[in-house]
Amino acid sequence: MKNLSGILLLFLCTFSVISCDKEADFKDKVKVITIYVSGETSTYTPSGSKESIECMLVKEDGESEYSKLPMRSINAFSYEKGHEYVLKVEKTKPGNPSADAAPHYRLIEIIEDNTIDISPKMGNPHQ
């Protein structure tokens, strides 16, 4: 009888731990990160659309390549072309697998805002 009680108790403990882990999977994952925003933009075609739209080029701290992020994707941040930014943002990845898989960003602080020259470089045709 003692063995049966021990096995039952072990089963209940294991089930409780597994249940907690599954609930944790459904919680949003939030972390504060630094991202770099290019002074130049790119374009992308949203799913289900035939028209390209302008987007920001961003990379997280430690990444070497820029990725495309739709304009106005960072809450409380207004992008201005020709400015390179270093931002501290809160990145939230939805925990619910049926939710939109794209992370959400919220501006915490603009660490740097540097103006760059993005005008086309044209040589003098009379030289």
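Student: What makes Glu 54 and Lys 81 a salt bridge?

Tutor: Distance. This is a predicted model, and in it the closest N and O atoms of Glu 54 and Lys 81 are 3.0 Å apart. The cut-off is within 4 Å, between a side-chain nitrogen of Lys or Arg and a carboxyl oxygen of Asp or Glu. The pair therefore counts as a salt bridge.

Student: Which parts of the chain does the pair link?

Tutor: Distant ones. Glu 54 sits in strand β2, and Lys 81 in the loop between β4 and β5. They are 27 residues apart.

Student: Why is Glu 54 called partly exposed?

Tutor: Its relative accessibility is 36%. Buried means under 20% and exposed means over 50%. Glu 54 falls in between, so the label is partly exposed. Lys 81, with a relative accessible area of 47%, is partly exposed too.

Student: How many salt bridges are there by this rule?

Tutor: The count comes to 4. Among them is Glu 109 with Lys 88, at 3.8 Å from N to O. That value is within 4 Å, so the pair qualifies. Glu 109 is in strand β6 and Lys 88 in strand β5, 21 residues apart.

Student: What makes Arg 106 and Glu 90 a salt bridge?

Tutor: Their closest N and O atoms are 3.3 Å apart. The limit is 4 Å, so Arg 106 and Glu 90 pass. Arg 106 lies in strand β6 and Glu 90 in strand β5, so the pair ties together parts that are 16 residues apart in sequence. Arg 106 is partly exposed at 38% relative accessibility. Glu 90 is partly exposed at 23%.

Student: How do you know that β5 and β6 pair?

Tutor: Count the bridges. Pairing takes at least two, as found by DSSP. β5 and β6 are joined by 10, so they pair. They run antiparallel. One of the partnerships is His 83 with Thr 115 in β6.

Student: What about β4 and β6: do they run parallel or antiparallel?

Tutor: Parallel, with 2 bridges joining β4 (residues 74-75) to β6. At least two are needed, so β4 and β6 count as a pair. Ile 74 stands opposite Tyr 105 in β6.

Student: Which other residues does Ile 74 touch?

Tutor: Leaving out residues up to four places away in sequence, its contacts include Ile 35, Met 56, Leu 69, Leu 87 and Val 89. Ile 74 is also among the residues that touch the most other members of the largest nonpolar core, which has 14 residues. β1, β2, β5 and β6 each give two or more residues to this core.

Student: Why is Thr 92 called buried?

Tutor: Thr 92 has 14% relative accessibility. The buried cut-off is under 20%, so Thr 92 meets it. This residue is in strand β5. Its contacts beyond four places in sequence are Asp 28, Lys 29, Val 30, Pro 103 and His 104.

Student: Is Ser 38 buried or exposed?

Tutor: Buried. Its relative accessibility is 11%, which is under 20%, so the label follows. Ser 38 is found in strand β1. Setting aside residues up to four places away, Ser 38 touches Leu 57, Tyr 66, Tyr 79, His 83 and Glu 84.

Student: What share of the chain's residues count as buried?

Tutor: Of the 127 residues, 20%. The chain has 1 helix and 6 strands. From the N terminus the order is α-β-β-β-β-β-β.

Note on methods. Residues are numbered from 1 along each chain as its sequence is written. This is a predicted model: local features need pLDDT of at least 70, side-chain atom pairs count only at pLDDT 80 or more; totals for chains, interfaces and linings use all residues. Side-chain values use heavy atoms; hydrogens and water are left out. A nonpolar core is a set of buried Ala, Val, Leu, Ile, Met, Phe, Trp, Tyr and Cys residues joined through side-chain atoms within 4.5 Å. Buried means under 20% relative accessible area, exposed over 50%, partly exposed in between (1.4 Å probe, protein chains only). Helices (H or I, at least four residues) and strands (E, at least two) are DSSP runs, numbered from the N terminus. Contact means heavy atoms within 4.5 Å.
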